[in-house]
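Here's a walk through the model, one piece at a time. Have the sequence and the 3D view open as you read.

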Protein chains: 2
Amino acid sequence: MRIDETHDPARSSWVESAQGHRDFPVQNLPLCIFSSDGRERRAGVAIGDFLLDLPAIADALGDAWVEELSQPVMNAFLALGSGPRVALRKRLSELLSDEAHRDRIEPALLGQSEATMHLPCLIGDYTDFYVGIHHATNVGKQFRPDNPLLPNYKYVPIGYHGRASSVRVSGQPVVRPSGQRKPPEAEVPVFGPSRRLDYELELGIWVGPGNALGEAIPIDQAEGAIAGFCLLNDWSARDLQAWEYQPLGPFLAKNFLTSVSPFVVTPEAMAPFMTAPFTRPDGDPEPLPYLTGGSDKPGLGLTVSAALTTRKMRDEGMAPHRLSQGVAADAMYWTAEQIVAHHSCNGCNLQPGDLIGTGTLSTASPDGLGSLLEISQGGKAPLTLPTGETRSFLEDGDELILTARAEAKGYVSIGLGECRGLVVG
Amino acid sequence: MRIDETHDPARSSWVESAQGHRDFPVQNLPLCIFSSDGRERRAGVAIGDFLLDLPAIADALGDAWVEELSQPVMNAFLALGSGPRVALRKRLSELLSDEAHRDRIEPALLGQSEATMHLPCLIGDYTDFYVGIHHATNVGKQFRPDNPLLPNYKYVPIGYHGRASSVRVSGQPVVRPSGQRKPPEAEVPVFGPSRRLDYELELGIWVGPGNALGEAIPIDQAEGAIAGFCLLNDWSARDLQAWEYQPLGPFLAKNFLTSVSPFVVTPEAMAPFMTAPFTRPDGDPEPLPYLTGGSDKPGLGLTVSAALTTRKMRDEGMAPHRLSQGVAADAMYWTAEQIVAHHSCNGCNLQPGDLIGTGTLSTASPDGLGSLLEISQGGKAPLTLPTGETRSFLEDGDELILTARAEAKGYVSIGLGECRGLVVG
């Protein structure tokens with residue numbers, strides 16, 4: 001991917017809050033769907049602390065893509081692929097950085113705190129992968145200490161279908177799910193609220209142009225099928241999962257809620273931050289040919305973090321406690337492009353607006369574990385918080401906050417925004 | 001469910017082909033979405049060899065539900081629940097049986113052979129269950145001869161999420177999927193077309209009114225969430241499945257295509273044919289309380305059949321060869337109502353137009369096995385066809401035909417139509 005003038009570090013915006021903004025300097029320009037004042041949902045772009053209302057500046061965009069950007073979801077715009085996405089980015093970069101456009105554009109800005117954020121797409125299908133090799137190893141160790149990774153792991157980008165209807169945007173309360181669980185010592189299962197509610201720190205991939213049923217997306221075209229990235233929390237009920245998951249995989253343990261951050265951070269915004277993929281240890285097999293090739297730097301150079309606040313911490317005015325932090329590319333045994341090529345290699349049709357989760361992103365370091373299952377070693381080693389409270393799993397009143405930042409020498413850093421969820425009883 | 005005058009066996013239609021029709025006498029009246037002559041998709045009802053165009057008779061329906069029935073999918077109408085569905089059925093039964101309405105209604109009939117059938121709903125989520133206990137046992141035996149059923153089976157209605165984007169209506173060609181497979185004797189997997197392509201004989205459940213995220217559907221309200229039934233073929237690539245499915249379940253082995261019959265046969269049409277549920281063997285545990293209760297006769301009294309033709313059989317003008325036949329209620333360890341209650345018990349939101357598969361419906365009898373995996377014992381006992389051809393799995397040019405019939409003493413039998421698929425190379 002070419003890095004163009006929209007990433008010029010000298011470029012700044014007349015929107016003052018964009019300068020040095022943690023997530024949304026003028027070098028980012030992520031897309032979103034928002035509403036305000038009871039008006040209809042429409043497309044926007046984040047800049048500093050504001051959203052720019054795209055249908056409201058249709059004339060300044062040359063009346064291009066007005067229909068696609070005026071819809072309550074972004075599927076139609078993402079379906080157009082990289083050409084229109086790149087053109088929109090370039091134009092927005094000009095409009096927001098050149099003072100000459102300020103009078104025309106400024107009235108279409110809205111404070112983010114005044115807007116309601118919505119899912120950016122109508123999600124046809126949501127698929128969750130399992131490409132975090134350290135996570136797979138950590139979880140596998142709890143079940144099979146001598147043989148944590150199954151024989152297929154280093155050949156197959158493992159994935160499964162999740163629930164599209166229960167994907168929600170950041171801020172959706174997490175209702176503790178009920179279900180069957182069978183304590184190890186019990187004869188029979190019991191039904192009731194989960195006692196082992198967990199989060200999973202993941203990235204989400206938004207699909208742009210898809211493929212027709214029966215036709216695969218070759219890996220050298222997989223980059224073109226990706227429209228953007230977000231944070232994703234794959235909330236998980238570990239006790240339900242342990243009892244239900246054989247032989248067909250997780251179901252009620254996961255499908256009660258999946259949370260995503262509201263902003264679609266485009267491949268163009270990510271261009272300077274793409275990096276080498278995961279380094280396969282010596283002796284690992286080469287990927288099969290259909291998973292070999294693609295772009296030069298398919299690794300996601302995003303530092304992803306999870307943090308927790310408890311009710312007590314918030315009452316005492318304490319900052320969120322960081323649970324983990326690590327670089328996605330160091331966790332992902334398979335790249336986003338390999339995920340797309342694998343998902344479609346049997347002719348399965350991906351569609352614009354589909355959502356794909358990477359799987360939990362744990363690094364090899366003890367401070368890079370992307371779930372409480374790993375941090376507390378399945379409950380055997382509870383975490384102690386600054387308040388003295390302990391956690392093996394999430395308790396009512398806990399709030400989880402996922403963030404991600406991309407940094408590269410010579411470029412202005414960008415972020416993905418936040419993905420939050422507060423556990424309610 | 002009350003059985004009303006629409007099931008009066010003396011009631012006949014002025015549509016002559018409806019009398020004694022295998023599937024669509026006036027006692028059935030299944031809903032569908034069709035198009036013809038390049039016009040837009042719209043709702044219809046099958047009667048004999050015809051479809052009745054519902055928007056075209058809006059005045060005779062009292063202009064009720066015109067908006068819902070004029071859409072290209074039936075989600076909005078199914079969302080209305082049983083009240084409007086029952087009222088529409090009663091009115092259609094009158095219009096199609098009373099000769100006085102013939103002049104008004106007949107011009108809105110169209111030969112089924114002239115229509116293109118479409119999916120009845122925009123499927124938000126497709127879930128596949130595994131309630132066929134004999135299937136689960138037969139498949140389990142191939143992996144674990146001494147312990148075929150996993151410990152959770154008799155407590156948990158096992159299910160997993162499937163792919164909504166690749167659900168297609170009957171007649172869609174089956175493109176043989178490629179993927180990774182690892183022959184038992186091989187060191188490493190290879191990539192290529194599946195060599196163990198199979199079908200699975202299932203029923204599909206169309207969801208009517210759903211539930212809000214975070215709120216369960218209690219089992220005594222589960223019947224009301226069901227809008228109808230269809231045939232479903234869960235095409236499966238067994239070699240891909242064996243290699244990929246651990247630990248998160250089937251994925252590429254299934255998501256290349258799922259076929260359904262085009263007609264939504266309503267609970268009202270099925271009322272006389274509902275029967276006792278599966279008889280649990282002595283010693284089996286009672287269902288947990290959240291899966292206990294519901295309607296008196298939740299069992300599906302549908303005789304489901306699978307048949308095969310090969311290219312040679314068709315060239316020689318031979319009839320399809322029946323592969324299996326059995327009654328759904330004799331195969332289903334869990335009822336449709338238990339499926340709905342379980343699926344939503346954690347707060348997972350079901351939505352109008354969602355599709356739920358039962359899982360493969362094999363009976364205890366050797367002539368009631370719902371997949372080639374079972375019939376050929378994993379390829380060890382190939383089936384011999386009347387032409388002398390043998391089959392362990394499906395070959396290019398094979399066509400699978402699923403059908404189902406409901407019969408009950410004193411009532412006119414109905415059917416679900418057909419679900420066909422021709423395997424192409």
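Let's begin with a helix. In this predicted model, helix α5 (residues 133–143) of chain A has these buried residues: A:Ile133, A:His135, A:Ala136, A:Thr137, A:Val139 and A:Gly140. Buried here means under 20% relative accessible area, with exposed over 50% and partly exposed in between (1.4 Å probe, protein chains only). Helices (H or I, at least four residues) and strands (E, at least two) are DSSP runs, numbered from the N terminus. Part of the cover over the buried residues of α5(A) comes from α11 (372–375) of chain A.

A quick word on the ground rules. Residues are numbered from 1 along each chain as its sequence is written, while chains are lettered from A and ligands numbered from 1 in the order in which they are written. Because this is a predicted model, local features need pLDDT of at least 70 and side-chain atom pairs count only at pLDDT 80 or more, whereas totals for chains, interfaces and linings use all residues; side-chain values use heavy atoms, leaving out hydrogens and water.

Now zoom out to the whole of chain A. Its secondary structure comes to 11 helices and 25 strands. The radius of gyration of chain A is 21 Å, close to the 22 Å that the globule rule gives for 425 residues, so chain A is as compact as a globular protein of that length. That radius is taken over C-alpha atoms, and the globule rule is 2.2 Å times the number of residues to the power 0.38. The C-alpha trace of chain A spans about 70 × 55 × 40 Å along its principal axes, and 61% of its 425 residues count as buried. Take the contacts (heavy atoms within 4.5 Å) between residues at least 6 apart in sequence: in chain A, 74% of them join residues at least 24 apart.

Strand β14 (residues 226–233) of chain A is mostly covered, with 8 of its 8 residues buried. Two strands count as paired if DSSP finds at least two bridges between them. The table gives some pairings from both chains.

| Strands | Sense and bridges | Residues standing opposite |
|---|---|---|
| β13 (residues 201–207) and β14 of chain A | antiparallel, 7 bridges | A:Leu203 and A:Leu231 |
| β14 and β16 (residues 258–260) of chain A | antiparallel, 2 bridges | A:Leu232 and A:Val260 |
| β19 (residues 302–309) and β20 of chain B | antiparallel, 6 bridges | B:Leu308 and B:His321 |

The last pair belongs to an open sheet of 5 strands in chain B, in the order β9-β25-β24-β19-β20, with mixed pairing. β9 (174–175) and β20 (321–327) of chain B stand at the edges with a single partner strand each, so one side of each has no neighbour in the sheet.

A few backbone oddities are worth a look. A cis peptide bond joins A:Gln246 and A:Pro247, with omega about 5°, and A:Pro247 sits in the loop between α7 (238–244) and β16 of chain A. In chain B, the bond from B:Gln246 to B:Pro247 is cis too, with omega near 5°. A:Trp65 isn't a glycine, yet has a positive phi of about 55°; you'll find A:Trp65 in the loop between β3 (50–53) and α1 (66–69) of chain A. B:Leu29, also not a glycine, has a positive phi near 60°. B:Leu29 lies in the segment before β1 (31–35) of chain B and counts as buried at 4% relative accessibility.
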